[in-house]
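Work through these exercises with the structure open. Try each task before reading its solution.

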Amino acid sequence: MRTKKAFYIMISNLSYQLVYALIGLILPRLFITVYGSAINGLMLSIRQFLNFLNIVESGIGLTSITALLKPMAANDKEAANGILSAAKLLYLRAGYILVSFIALLAIIYPFLIADQVSYQIAFFLVLILGGNSFVDFFIIGKYKVLLTADQRVYVLTNMQIIGLIANLISYVILIKAGWDVLLVNGIATCFLASKSILVLAYVKKHYPNVSFKEKPDTEALAQRWDVFIHQITGVIVFNTPVIIITIFLGLKEVSVFTTYNMVFSAITLLVTSFSSALFAGIGDLLVRGEKNRVIEVYNIFESVYYALIAWAFTTAFLLILPFIKIYTHGVSDANYIRPELAILFIAVGVISNIRVPAYTLVNSAGHFKETKYRALAEAIINLLASLILVQMFGTEGVLFGSICSYTFRTIDVLLYASRNILNASLKPTILKVMTNIFLSLVAALPIQWLLNIDPKNLIEWFVYAILLSIWNLIIIAVGNILFDPKMSKSVLQRGRLVFGRKEAEEKLML
């Protein structure tokens, strides 16, 4: 059953990422061409500030999910409802704090970009875009905890897909009709928030014994302050680049940065769909004490994930600049063709994704307290390096700062997981990483030297993308099979069981 749920989660996540990537392709281009790079940069900058404010969630979600795994495995409904009631209470408290912070941001933020956009537009845009965070805290949060712990988060993901599609359609229609940017965002935000109605209906129908009105078991969420530290560091690492660029370099440079970031975020979200699908499943095995099964699953997960990273970022390396050239054709208010940015984004993406399997394991095991100071060190390195290097190298300096912190934390997470959870050598992981780097070079360098990739439009670009994706997939897949045939056989067997009979699925038990 766990395999089936993990498969559903993975398919849902992949579908979500495809829709999200499609929106990422369509909307920024529309905003740049209709409203200009400054407005596009303004919206993306505000979203990053709002993401920063989400730290008031203070570890509620992840701690609640981890705490729920044990009572749900034991079918202890009373304990589960106590934890869910505590999650609801804490989300409401955090929501009131968030609303206050959004109002404060709406007042202060316009002064940061005073010479670029009018105060009124910036003020109201902060309030409008903050509406989705309001819904997440006051309505969605507690249900997401339940569905994730029960490995049914794919239900929420499917509803989010519906909301995103409605959001996209409204944006396209209203922008094409020439509506004001504030009205466009206001109506689109309402469509996106409509998912809450679907989520509420689903939970009421499928979880009749779940109650959010029992005595809150806040003791079960004692680790949330340790998780909070992790979330603060995550917010700093992932959101401060745009904030630093906003303050030091301006909204047009934000637009350039986020255009590249849009592509690489989509790639990262695509490959991390796999890790999200396995989070609760690995946690369930850990609370049951099935250590050998955890090691088996982790090794397969790691092998597949590193191959996916190699394939995705090799393809991105070959296609990113031709895509940016087509995507920003006709836009002259900022310089978008920046080869050095492309290389740095690829380096950031690869280094940060190498740690994902180990990081998933650490989170599934609930080792938040043990690793919080390591996460703080990453955030400090990132912030200090970015603030120093942005003065010297501009946007490229911010990415150098990210590379410094990601390198430190990736090495740290790999060492921690191998020594403290798996009790195993790190050599197999290092070998997998080096193998896939070598295979990426084998796939990319001949294309780079022999082929001039210069598509004239998106159709030609897609043709190149399909052909190069297939080429890279063949080289990386065949290479991994030749380098590690035993692991490749295990991956194949696991895949057969996912699609095979229910009896085989129960035998696999993940």
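Helices here are DSSP runs of H or I with at least four residues, numbered from the N terminus. The model is predicted.

**Exercise 1. Place Gln160 and describe its surroundings.**

Step 1. Find the element. Gln160 lies in helix 7, which covers residues 153-176.

Step 2. Classify the burial. The cut-off for buried is under 20% relative accessible area. Gln160 has 18%, so Gln160 counts as buried.

Step 3. List the contacts. Leaving out residues up to four places away in sequence, Gln160 touches Tyr16 and Lys195.

Step 4. Check a distance. Gln160 and Ser211 are 51 residues apart along the chain, and 23 Å separates their C-alpha atoms.

**Exercise 2. Compare the span of helix 13 with the expected value, then list its buried residues.**

Step 1. Take the length. Helix 13 runs over residues 339-354 and has 16 residues.

Step 2. Compare the spans. From first C-alpha to last, helix 13 reaches 23 Å, close to the 22 Å expected at 1.5 Å a residue.

Step 3. Read the burial. The buried residues of helix 13 include Leu341, Ala342, Leu344, Phe345, Ile346 and Val348. Gly349, Ile351, Ser352, Asn353 and Ile354 are also buried.

Step 4. Recall the geometry. An α-helix has 3.6 residues a turn, so residues three or four places apart point the same way.

**Exercise 3. Analyse the aromatic pairs.**

Step 1. Count. The whole structure holds 22 aromatic pairs.

Step 2. Classify Phe323 and Trp461. Planes under 30 degrees apart count as stacked, over 60 as edge-to-face and the rest as tilted. The ring centres of Phe323 and Trp461 are 5.3 Å apart and the planes meet at 55°, so this pair is tilted.

Step 3. Locate that pair. Phe323 is in helix 12 (residues 291-327) and Trp461 is in helix 18 (residues 458-483). The two are 138 residues apart, and the pair links distant parts of the chain. Both Phe323 and Trp461 are buried.

Step 4. Classify Phe438 and Phe483. Their centres are 6.3 Å apart with 85° between the planes, an edge-to-face pair. This pair also joins distant parts of the chain: Phe438 is in helix 17 (residues 427-450), Phe483 is in helix 18, and their positions lie 45 residues apart. Phe438 has 45% relative accessibility, so Phe438 is partly exposed.

Step 5. Look for a cluster. Phe257, Tyr260, Phe264, Phe313 and Phe345 form one aromatic cluster.

Step 6. Look for a charge over a ring. The charged end of Lys142 sits over the ring of Phe212, 6.0 Å from the ring centre.

**Exercise 4. How many disulfides are there, and how accessible are Cys190 and Cys404?**

Step 1. Search. There are zero disulfides in the whole structure.

Step 2. Take Cys190. Its relative accessible area is 57%, so Cys190 is exposed.

Step 3. Take Cys404. Its relative accessibility is 39%, so Cys404 is partly exposed.

**Exercise 5. Build a local picture of Thr259.**

Step 1. Place the residue. Thr259 is in helix 11 (residues 251-287).

Step 2. Classify the burial. With a relative accessible area of 2%, Thr259 is buried.

Step 3. Find the polar partner. The Thr259 side chain reaches the backbone oxygen of Ser255 at 2.7 Å.

Step 4. List the contacts. Not counting residues up to four places away in sequence, Thr259 touches Ile32, Ile324, Tyr327 and Tyr336.

**Exercise 6. Describe Ile447 in the same way.**

Step 1. Place the residue. Ile447 belongs to helix 17.

Step 2. Classify the burial. Ile447 has 14% relative accessibility and therefore counts as buried.

Step 3. List the contacts. Beyond its neighbours within four places in sequence, Ile447 is in contact with Leu318, Ile453, Leu468 and Trp471.

Step 4. Add a distance. The C-alpha atoms of Ile447 and Trp471 are 9.7 Å apart, with their positions 24 residues apart along the chain.

**Exercise 7. Examine the phi angles of Asn75 and Asn423.**

Step 1. Recall the background. Most residues other than glycine have a negative phi.

Step 2. Take Asn75. Its phi is near 55°, a positive value in a residue other than glycine. Asn75 is in the loop between helix 3 (60-73) and helix 4 (77-112). At 57% relative accessibility, Asn75 is exposed.

Step 3. Take Asn423. Its phi is positive, about 55°, although Asn423 is not a glycine. Asn423 sits in the loop between helix 16 (395-420) and helix 17. Its relative accessible area is 56%, so Asn423 is exposed.

Note on methods: Residues are numbered from 1 along each chain as its sequence is written. This is a predicted model: local features need pLDDT of at least 70, side-chain atom pairs count only at pLDDT 80 or more; totals for chains, interfaces and linings use all residues. Side-chain values use heavy atoms; hydrogens and water are left out. The expected span of a helix is 1.5 Å times one less than its number of residues. Buried means under 20% relative accessible area, exposed over 50%, partly exposed in between (1.4 Å probe, protein chains only). Rings of Phe, Tyr and Trp (its six-membered ring) pair if their centres lie within 6.5 Å; planes under 30 degrees apart count as stacked, over 60 as edge-to-face and the rest as tilted. A charge sits over a ring if NZ of Lys or CZ of Arg is within 6 Å of the ring centre and within 35 degrees of the ring normal. A disulfide is a pair of cysteine sulfur atoms within 2.5 Å. A polar contact is a pair of N or O atoms within 3.5 Å; within protein, one must be able to donate a hydrogen and the other to accept it, and residues adjacent in sequence count only if both atoms are side-chain atoms. Contact means heavy atoms within 4.5 Å.
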